Amino acid sequence: IVSIPNNLDDMSVDVVPGVNELKPDGSSEEIDTIYRVPVQMPGSSTSLVNIPLNVGDNVIHVFSQRSLDSWKTSNGYPTTPPTVRRWDTSDAIAIPCIFPFPRSVNNPRVRKWKHNTRDLCVAHNIGSATEAEVRITQSGNILFNTDGDVKWKVGGKMTIEGDVEHTGNFTSNNVTVS
């Protein structure tokens, strides 16, 4: 990723392919920047797993079989492409979370918290002082790891069933015990 226009509001990025074009004579050529590439993140019209992206992050490029020009500005329903072009770089789709092996963020050595690659883990700020994660371990435990605050905001009723154990200070406002 070389640029993130509109702060990712429209889920597009500008990219330069990381693998150059190899010519038949053995020479190579860098591929030009591809602008306003739609980003694929897991989601639907009502939910989204938002992955913050940064300049320098790697994405995999998938090239559409047809022109995406009309579709990019549509409501998402079928559109007719304005040209007959196929597999063109201007019709790329970017999928985040691909890493060259030496830059893998799944490597336990780059993680602040004890990391098991067999756990389900959602992590943010990996390798930094503010790394935070929610982890479901293979044994079924759920862990929240952070040096920051944890805030639960519930508009309705929160019910906890089972034993509750805590260490450290416990502060509560408007406590009702029954």
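Which strands each supply at least two residues of the nonpolar patch? Let's start there, because that is a nice way into this predicted model. The strands in question are E7, covering 120–124, E8, covering 132–136, and E9, covering 142–145.

So what is in that patch? Its members are Leu120, Val122, Val134, Ile136, Ile142, Phe144, Val150, Trp152, Val154, Met158, Ile160 and Val164. Together they make a nonpolar patch of about 1,200 Å² on the surface. Take one of them, methionine 158: you'll find that residue in the segment after E9. Methionine 158 has a relative accessibility of 42%, so it counts as partly exposed.

Okay, let's step back to the whole chain. We have 1 helix and 9 strands here. If you walk along the sequence, the order reads β-β-β-β-β-α-β-β-β-β. The radius of gyration is 22 Å, while the globule rule gives 16 Å for 178 residues, so the chain is more spread out than a compact globule. You can also look at the C-alpha trace, which spans about 75 × 40 × 30 Å along its principal axes.

How much of the chain is buried? Of the 178 residues, 18% are. The chain exposes about 13,900 Å², and carbon and sulfur atoms supply 52% of that. As for contacts with a separation of 6 or more, 40% of them come from residues 24 or more positions apart.

Now a buried example, over in strand E1, which runs through residues 12–15 and includes serine 12. Serine 12 has just 4% relative accessibility, and the cut-off for buried is under 20%, so that one counts as buried. The side chain of serine 12 makes a polar contact of 2.9 Å with the side chain of aspartate 10. And what does serine 12 touch once we leave aside its neighbours within four places in sequence? Those contacts are Ile4, Pro5, Arg36, Val37, Pro38 and Val39.

Last stop: two asparagines with a positive phi, although neither is a glycine. Asparagine 7 sits in the segment before E1, and its phi is about 55 degrees. With a relative accessible area of 66%, asparagine 7 is exposed. Asparagine 125 is in the loop between E7 and E8, with a phi of about 60 degrees. Its relative accessible area is 34%, so asparagine 125 is partly exposed. That loop also takes us back to where we began, since E7 and E8 are among the strands that supply the nonpolar patch.

Notes. Residues are numbered from 1 along each chain as its sequence is written. This is a predicted model: local features need pLDDT of at least 70, side-chain atom pairs count only at pLDDT 80 or more; totals for chains, interfaces and linings use all residues. Side-chain values use heavy atoms; hydrogens and water are left out. Patches are made of residues with over 30% relative accessible area and no salt bridge: like charges are joined within 9 Å, nonpolar side chains (Val, Leu, Ile, Met, Phe, Trp, Tyr) within 5 Å. Accessible areas come from the Shrake-Rupley method with a 1.4 Å probe; for residues, only the protein chains shown count as cover. A salt bridge is a side-chain nitrogen of Lys or Arg within 4 Å of a carboxyl oxygen of Asp or Glu. Helices (H or I, at least four residues) and strands (E, at least two) are DSSP runs, numbered from the N terminus. Buried means under 20% relative accessible area, exposed over 50%, partly exposed in between (1.4 Å probe, protein chains only). The radius of gyration is taken over C-alpha atoms; the globule rule is 2.2 Å times the number of residues to the power 0.38. Contact means heavy atoms within 4.5 Å. A polar contact is a pair of N or O atoms within 3.5 Å; within protein, one must be able to donate a hydrogen and the other to accept it, and residues adjacent in sequence count only if both atoms are side-chain atoms.
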